[in-house]
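Thank you for making time this morning; I would like to walk you through one model, slowly, and please stop me wherever something is unclear.

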Amino acid sequence: MSILAQIAADQLPAADQKSIAAAGQAGLAYGLATLGPGIGIGYLVGQSVQAMARQPEAAGMVRTTMFLGIAFTEALALIGFVVFILLKFV
Amino acid sequence: MIFGLEFPPIENLVEWPNLFGPKDSWYGFNKIALINVIALVATTVIFLLARRSKGLVPHGVRNLVESSVAFIRDGIINETIGPDGLRYLPFLVSLFFFILITNLFEVIPFFHMPGNARMAGPAVLALITWLFFICAGLKAQGPKYFWSAVAPPGVPWPLLFVVVPIEFLSTFIVRPFSLAVRLFANMLAGHILLVTFTVLCITLFSATLLIIVLPFSFAMLVALTGFEIMVAFLQAYIFTILAAVYIGSSIHAEH
């Protein structure tokens, strides 16, 4: 498999090889950037649902704080997405 | 070319030719500028129309305006700033409506382009919010705002050498940057998602056996359009609530 990839890479001009490498790194960068925020948002929303179930009269307050937390947590994933766009297309 | 799918380059998705004026000139006017102007005019017109309607019982556009103002007052300001934040209501309401309308152009036919999917729009909005919360802090606390913003109380003095640079970075540099990037990346991701499924539908619309998959792809496209309407509301809400939190943290010194 790697020999085939090597042969295919040898026949491509340098610019294409560079863009293929950049695309691979872009995918890796975005994939890594999703891991932490994925765990974080899952934990955050899970705990919020538990809080709302235990104390339904505090649901409004919990929901506001939950959205704030989601906004802070997903910022890292979104920066990863921007890095993906920069690596892939710029 | 991925698996026979001809995906357009990203420039075709987000860069628009100027309606008039040469490329890269300061007075060039393209689709994004048109969307921003429409959002500005629509926000103004909605509130002027609501102001004109008389009577005790709200109806029509006044209903929309009154309920959204009450939502921002009760759901955003009272929960984050407190009662003394009510004087920032006009700024937050206009921010919310402007972002919401520019975002909704993502699903409006013949536009299909969120105005905030170019970095310039969110960056300007974040800069305005940044200036606004600094000025609100200066007005509420005077020049000692800059010290109270970077030095949390109760920290032993040797630690201040570490805490102050970190707090300075997170308050004055990361805040506007993350505010802008959050809105921009969400709208761009939604736009690319919709384009991907549209391109898939167009490719599958052929005389081969692949047409069996087309209904699933199209159903996904419709579902994602509904999802993107929700994202447009959610991002406007999150931008407004974060602006309110930042204003609240700068007018109330931590103690």
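Of the contacts in chain B with a separation of 6 or more, what percentage is accounted for by residues 24 or more positions apart? Before I answer, please keep in mind that this is a predicted model. The figure is 63%, counting the contacts in chain B between residues separated by 6 or more.

Let me stay with chain B for a moment. Chain B has eight helices and zero strands, so that reading from the N terminus you meet α-α-α-α-α-α-α-α. Its C-alpha trace spans about 75 × 60 × 40 Å along the principal axes of chain B, and of the 255 residues in chain B, 29% are buried.

Now to the interior. The largest nonpolar core holds 52 residues, and those with the most contacts inside it are Leu92(B), Phe96(B), Phe239(B), Leu242(B), Ala244(B) and Ile247(B). At least two residues of this core come from each of several helices, among them helix 3 (59–89) of chain A and, in chain B, helix 4 (89–104) and helix 7 (160–204). Helix 8 of chain B contributes the most, with 13 residues. If you would like one residue to look at on the screen, take Leu242(B), which touches Ala71(A) and Leu179(B) once residues up to four places away in sequence are left out.

That brings me to the contact between the chains, to which chain A gives 11 residues and chain B gives 13 residues. On the side of chain A that touches chain B, 10 residues are nonpolar, one is polar and none is charged.

Methods. Residues are numbered from 1 along each chain as its sequence is written. Chains are lettered from A and ligands numbered from 1 in the order in which they are written. This is a predicted model: local features need pLDDT of at least 70, side-chain atom pairs count only at pLDDT 80 or more; totals for chains, interfaces and linings use all residues. Two residues are in contact if their C-beta atoms, placed from the backbone, lie within 7 Å. Ala, Val, Leu, Ile, Met, Phe, Trp, Tyr, Cys and Pro count as nonpolar, Asp, Glu, Lys and Arg as charged, and the others, Gly among them, as polar. Helices (H or I, at least four residues) and strands (E, at least two) are DSSP runs, numbered from the N terminus. A residue is buried if 20 or more other C-beta atoms lie within 10 Å of its own, exposed if 12 or fewer, and partly exposed in between; C-beta atoms are placed from the backbone. A nonpolar core is a set of buried Ala, Val, Leu, Ile, Met, Phe, Trp, Tyr and Cys residues joined through C-beta atoms within 7 Å.
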